[in-house]
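Here are my notes on the model you sent over. Have the structure open while you go through them.

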Amino acid sequence: MENYKKGKNIEEPLERNKIPIPKLPENFLWMQVRGGSKIRNLLTHAINEFPEAKHVVWTGFGSSVGKCITCAEIMKREFNNTLHQITKICYRLVEEYWDPLLPELDQIVVKRRLPMIHIYLSSESIDTEELGYQAPGQILFFNSQTKGNKQKPKNNDEKQYTKRNQKKNRDKKPKNGSTTNGSSSSNVVNTSEHT
């Protein structure tokens with residue numbers, strides 16, 4: 001590729017009627033997330049406009065898919081997880097043109113299909129049978145515990161397993177070859193002295 005330089009990019013145009021989410025309302029806020037977009041700017045605009053629009057579609061493609069998902073998740077949290085969601089994944093066609101530096105070479109066209117995501121959020125109820133639907137609700141964090149609600153082992157096997165793991169850390173064999181009887185470190189017997 002040392003004999004070529006990067007030329008123009010032609011991207012498939014984004015159009016409202018090509019969003020693969022059925023039954024979208026006429027007026028919705030469409031947030032197109034790009035690689036250089038600032039999350040703070042996107043969210044400020046979307047959160048300010050959402051009470052009137054009641055529907056928003058977040059769209060991102062290529063490297064901005066992660067940023068698009070982040071924006072949608074933060075927005076759901078800002079509205080206390082009361083928003084209905086439909087997520088659709090598709091591709092967007094991009095053509096890259098490489099111009100030759102030598103006159104005897106031809107121009108190269110590289111066609112790429114970039115992953116694209118559309119996340120539809122609505123404060124009103126939407127079709128729950130649609131693929132990609134996610135109902136509003138509270139977020140359950142994995143392994144989260146409150147002060148007064150600690151999980152305890154449920155049966156004797158689990159209690160024994162927990163005790164063995166706690167004891168394992170206390171009763172490790174010292175490096176000098178001595179052993180312990182399992183009760184405390186003061187009961188260490190050095191086997192090399194008694195031979």
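The points below go from the overall fold down to single residues.

1. First, a reminder that this is a predicted model. The protein chain has three helices and six strands. Read from the N terminus, the order is β-β-α-β-α-β-β-β-α, so you can tick the elements off against the display as DSSP numbers them from that end.

2. On the overall packing: of the 195 residues in the protein chain, 27% are buried. Among contacts with a separation of 6 or more, 71% join residues 24 or more positions apart. The chain exposes about 14,300 Å², and 49% of that comes from carbon and sulfur atoms.

3. Strand 4 is a good place to start looking, with several pairings to trace. Strand 1 (residues 4-11) runs antiparallel to strand 4, with six bridges between them. Within the partners of strand 4, Val 94 sits opposite Glu 11, which gives you a handy spot to check the register.

4. Which strand pairs with strand 4 over 15 bridges? That is strand 5 (residues 108-122), again in the antiparallel sense. To follow this pairing on screen, find Glu 96 and look across to Val 110 in strand 5.

5. Strand 6 (residues 133-134) also pairs with strand 4, antiparallel and over two bridges. Two bridges are enough here, because a pairing is called when DSSP finds at least two. One bridge to look at joins Ile 86 and Tyr 133, the latter in strand 6.

6. Moving to helix 2 (residues 65-78), take a look at Gly 66, which lies in this helix. Gly 66 counts as partly exposed because its relative accessibility is 41%, which falls between the 20% and 50% cut-offs. Its C-alpha is 9.4 Å from that of Ile 117, although the two positions lie 51 residues apart in sequence numbering terms.

7. The loop between helix 2 and strand 4 (84-100) deserves a close look, starting with Asn 80. Asn 80 has a positive phi of about 55° although it is not a glycine. Asn 81 belongs to this loop as well, and its phi is also positive, near 55°.

8. Are these two asparagines buried or exposed? Asn 80 is exposed, because its relative accessibility of 62% is over the 50% cut-off. Asn 81 is buried, because its relative accessible area of 18% is under 20%. I would view both side chains with the surface switched on.

9. Now the cysteines: the structure holds zero disulfides. For Cys 71, the nearest cysteine sulfur is that of Cys 68, 6.8 Å away, so this pair fails the 2.5 Å limit for a disulfide. Cys 71 is buried because its relative accessibility is 0%. Cys 90 is buried too, because its relative accessible area is 19%, under the 20% cut-off.

10. Last, the rings. The charged end of Lys 6 sits over the ring of Trp 98, at 5.6 Å from the centre. Arg 16 does likewise with Phe 28, its charged end being 4.4 Å from the ring centre. As for ring-to-ring contacts, the count comes to one aromatic pair.

Terms used: Residues numbered from 1 in each chain as written. Predicted model: local features only at pLDDT ≥ 70, side-chain atom pairs only at ≥ 80, totals over all residues. Heavy atoms only, no water. Helix = DSSP H or I, 4+ residues; strand = E, 2+ residues; numbered from the N terminus. Buried < 20%, exposed > 50% of the residue type's maximum accessible area, 1.4 Å probe, protein only. Contact = heavy atoms within 4.5 Å. Areas by Shrake-Rupley, 256 points an atom, 1.4 Å probe, with all protein chains shown as cover. Phe/Tyr/Trp six-rings, centres within 6.5 Å; stacked < 30°, edge-to-face > 60°. Lys NZ or Arg CZ within 6 Å of the ring centre and 35° of its normal.
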